[in-house]
Amino acid sequence: MDKSKIIAVVMGGPSAEEQISISTGTSIAKALRERGYTVREIRLVPHDFAAQVKESGADVVVVAVHGLYGEDGRLQGALETMGIPYTGSGVLASAVSMNKIAAKRVFLGSGIPTPDYMFLYRRDREKQDMVKAITDKFSMPVVVKPASQGSSLGITIEQDVSGLQKALDLAFQYDEEVLVEEYIAGQETSVCMLRRPDGSVKVWPVILIRPHAEWYDFNAKYTAGGVDHLVPAPLPEEITRTLQKISVEAYEVLGCSGVARTDCITREDGKCYVLEMNTVPGMTPTSLVPDAAKAEGTSFGELCEMILETAHL
């Protein structure tokens, strides 16, 4: 990237992940400045976004907004109308990946292994006994997730039927659509990828996630010492290859670009599943992508520059 260009890093925004986004954005901005780039930081105000970008003088935008606006295709669409290259996935890939129900449909249609599921909608709450629908289909425990939320916000791993209504109420606070999945006991992993300028996909070593809490929740993700990232993951070579293969397949069928990360789980019998795709993965001090890159000797600054080089329209 030409270092005479002005790089705007957009972060924050009106989402439950605002503070995590600010941590990601400030970390990226600092790293790029240290590598000689002229960087402007933008705290997202959606209705003023076009003016904010214009005022910054940005030639290129690094999208560091997690969740609402940053991962659902809205910022990407605005930047395309302005003709300003940006990092990460495009409008459609962002929107589909952000919605766990839409992404699940793509995985199912593409033969990518993913847990058994049920889709529930707020509009049906008065006319459908959702607790009964869940217990008719699944044995406990189950995972209840808002369709379009990140950082494990609004997610419950519910062990008991008596807690299902509360889990549904929480998920519907975040979204009009809720995904219920079978609970798969196993090892949680992440696979981090980046589309190179030549179109090939760079895959970093698989990360095995060992949270100190019961599961990999918001606090485990963003509290220092809340989780251990084992990278390269101490897994059999065949499982490692399978996780990388299905993650790249998920990246490709969703049409992703730039840096992205799949969350996966592996059962005791070795069966691997893709849970979801993250198109604006965290770049905080406790984040997975920097740890995966570091395992191959790539510094945080080098990683940020690699991501910047993927900017596109």
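Where does Ser-287 lie? Ser-287 sits in the loop that runs between strand E13 (272–278) and helix H10 (288–294), with helices (H or I, at least four residues) and strands (E, at least two) taken as DSSP runs numbered from the N terminus. The model is a predicted one, in which local features need pLDDT of at least 70 and side-chain atom pairs count only at pLDDT 80 or more, while totals for chains, interfaces and linings use all residues. Residues are numbered from 1 along each chain as its sequence is written, and side-chain values use heavy atoms, with hydrogens and water left out.

Ser-287 counts as buried because its relative accessibility is 7% (buried means under 20% relative accessible area, exposed over 50%, partly exposed in between, with a 1.4 Å probe and protein chains only). Its side chain makes two kinds of approach to the backbone. The side chain of Ser-287 reaches the backbone oxygen of Gly-282 at 3.3 Å, and a polar atom of that side chain lies 2.7 Å from the backbone nitrogen of Thr-284. Polar contacts here are pairs of N or O atoms within 3.5 Å; within protein, one must be able to donate a hydrogen and the other to accept it, and residues adjacent in sequence count only if both atoms are side-chain atoms. Setting aside neighbours within four places in sequence, Ser-287 is in contact (heavy atoms within 4.5 Å) with His-229 and Gly-282.

On to the sheets. Strands of a sheet pair through backbone hydrogen bonds, either parallel or antiparallel; two strands are called paired if DSSP finds at least two bridges between them. One open sheet has 3 strands in the order E2-E1-E3, with parallel pairing. Its edges are strand E2 (38–43) and E3, each pairing on one side only. From one strand to the next, the twist averages 25°, where axes are lines fitted to C-alpha atoms, for helices over the stretch in contact, and angles run from 0 to 180 degrees between N-to-C directions. Strand E1 (residues 6–11) is joined to E2 by 6 bridges, and Val-10 has Ile-42 as its bridge partner in E2. Helix H2 (residues 49–56) packs on this sheet, touching E1, E2 and E3, with its direction at about 160° to that of E2.

The other open sheet described here is antiparallel, its 4 strands following the order E4-E7-E5-E6. Strand E4 (117–121) and strand E6 (156–158) are the edges, each pairing on one side only, and the twist averages 20° from one strand to the next. Helix H5 (residues 100–110) packs on the sheet and touches E4, E5 and strand E7 (177–182); its direction makes about 145° with that of E4. Helix H6 (residues 130–137) also packs there, touching E4, E5 and E7, at about 170° to the direction of E4. In the loop between H6 and E5 comes Pro-141, joined to Met-140 by a cis peptide bond with omega of about 0°.

A second cis bond runs from Val-231 to Pro-232, with omega near -5°; Pro-232 lies in the loop between strand E11 (227–230) and helix H9 (237–254).
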